[in-house]
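Let's take a friendly look at how aromatic side chains meet in this protein. Have the model open beside you as you read.

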Amino acid sequence: MRTGGRMRIFLVAVLLLFGCDMNTPEDVIEAVNRVTGQEEPAPLPELGPPLLIEDGVRLYELLTSQETEQIWIALPPAGEDALSGGVIPCVLLPPLAMDRALGGRLGSEDLDQLLLFARSGVAAVAFDVPGAWVEGSSLPMMQAEMERYMADDGGLRTARQVLDVVLARLPEADPARLWVLGEGAAGTLALRLAGRDARIKAVVAFDPVSDMLALAGMEELAPAFQASPGLKDFLRKQSLQEALDRLRCPVLLFHDAFRHEKNFEDIDHLYLEALRLQKDVSMIDTLNVDPAHAGLASRTSRSLRWLESLNHPKH
């Protein structure tokens, strides 16, 4: 056996022995590759100066290490973290555009959501997910985006890099209160991220897509499947069942009947399956909510109340 092979086996044993934050064999292999120099970790972006907006909220705009996806960070006014022992909760937010798509770019509604959390004393971090395209894109352009989406493991790699940025660049972010929230395909990504990365401590998923392959039937996504024949096989492997099996943190499933009328049975099945697996899962159904109180602000507020009610260990 070559010396390099022995070294890799030794490193795997050390990582497992000391209980490093690794959930899957893929995590261990990735860590070993980095330690042995076979895969150099990408340098993390710096925050730079913030843009100060109303109410003293600080907004940062940066790019992922590949300089292809945006990351927006909104922090409460300076000094608020001192009122909570120097650390505050942090929530990761895949783009709202993913409620009816695969990838997504950040937009004005994402900024609104960021500010809602920041004004509530939470560090909010939104990020692009590869796989978005503009209306009128050519088939080669869509194919390129789908290839990027699949290479990024459906947004999982970008999400984990964003987590790295949070822990390296935001000293005010409490590692014991790292949350992720997403809607539609972003809700699926949120659950997958929590299943793959133990750094996530709670998940809120609004109408997650339990069967990603079902998106092939959506008229607006038909060009993507036409452009990328391998997309169906990729989505078939994006199993929420696997994510549920791996989950070790509390989950809130949120069914918004006013936005996704036909998705209730899927969410109900997901909820029952999580209960069967003895997961810490709760569910909110907006069928019992006044439509006037089912908008972004209300959903953010209800999510935050649930998240803050969790009995997280103090950092």
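F206 is a good place to start: with a relative accessible area of 3%, F206 is buried, because anything under 20% counts as such. Please keep in mind that this is a predicted model.

The partner of F206 is F254, and the two rings form a tilted aromatic pair, 4.7 Å centre to centre with 45° between the planes. Why tilted? An angle between 30 and 60 degrees is neither stacked nor edge-to-face, so the pair falls into the remaining class. F206 belongs to strand β7 (residues 202-206) and F254 to strand β8 (residues 251-255), so their contact ties together parts 48 residues apart in sequence. F254 is buried too, at a relative accessible area of 1%.

What sits over the ring of F206? The charged end of R299 does, 4.7 Å from the ring centre.

In total, the structure holds 2 aromatic pairs. The other one joins Y149 and F234 in an edge-to-face arrangement, 5.7 Å centre to centre and 75° between the planes. This pair also links distant parts of the chain: Y149 lies in helix α4 (residues 139-151) and F234 in helix α8 (residues 231-236), 85 residues apart.

Here are the ring residues with their burial values.

| Residue | Relative accessible area | Class |
|---|---|---|
| Y149 | 2% | buried |
| F234 | 13% | buried |
| F206 | 3% | buried |
| F254 | 1% | buried |

For F234, the value of 13% still means buried, because the cut-off is under 20%.

Methods: Residues numbered from 1 in each chain as written. Predicted model: local features only at pLDDT ≥ 70, side-chain atom pairs only at ≥ 80, totals over all residues. Heavy atoms only, no water. Phe/Tyr/Trp six-rings, centres within 6.5 Å; stacked < 30°, edge-to-face > 60°. Helix = DSSP H or I, 4+ residues; strand = E, 2+ residues; numbered from the N terminus. Buried < 20%, exposed > 50% of the residue type's maximum accessible area, 1.4 Å probe, protein only. Lys NZ or Arg CZ within 6 Å of the ring centre and 35° of its normal.
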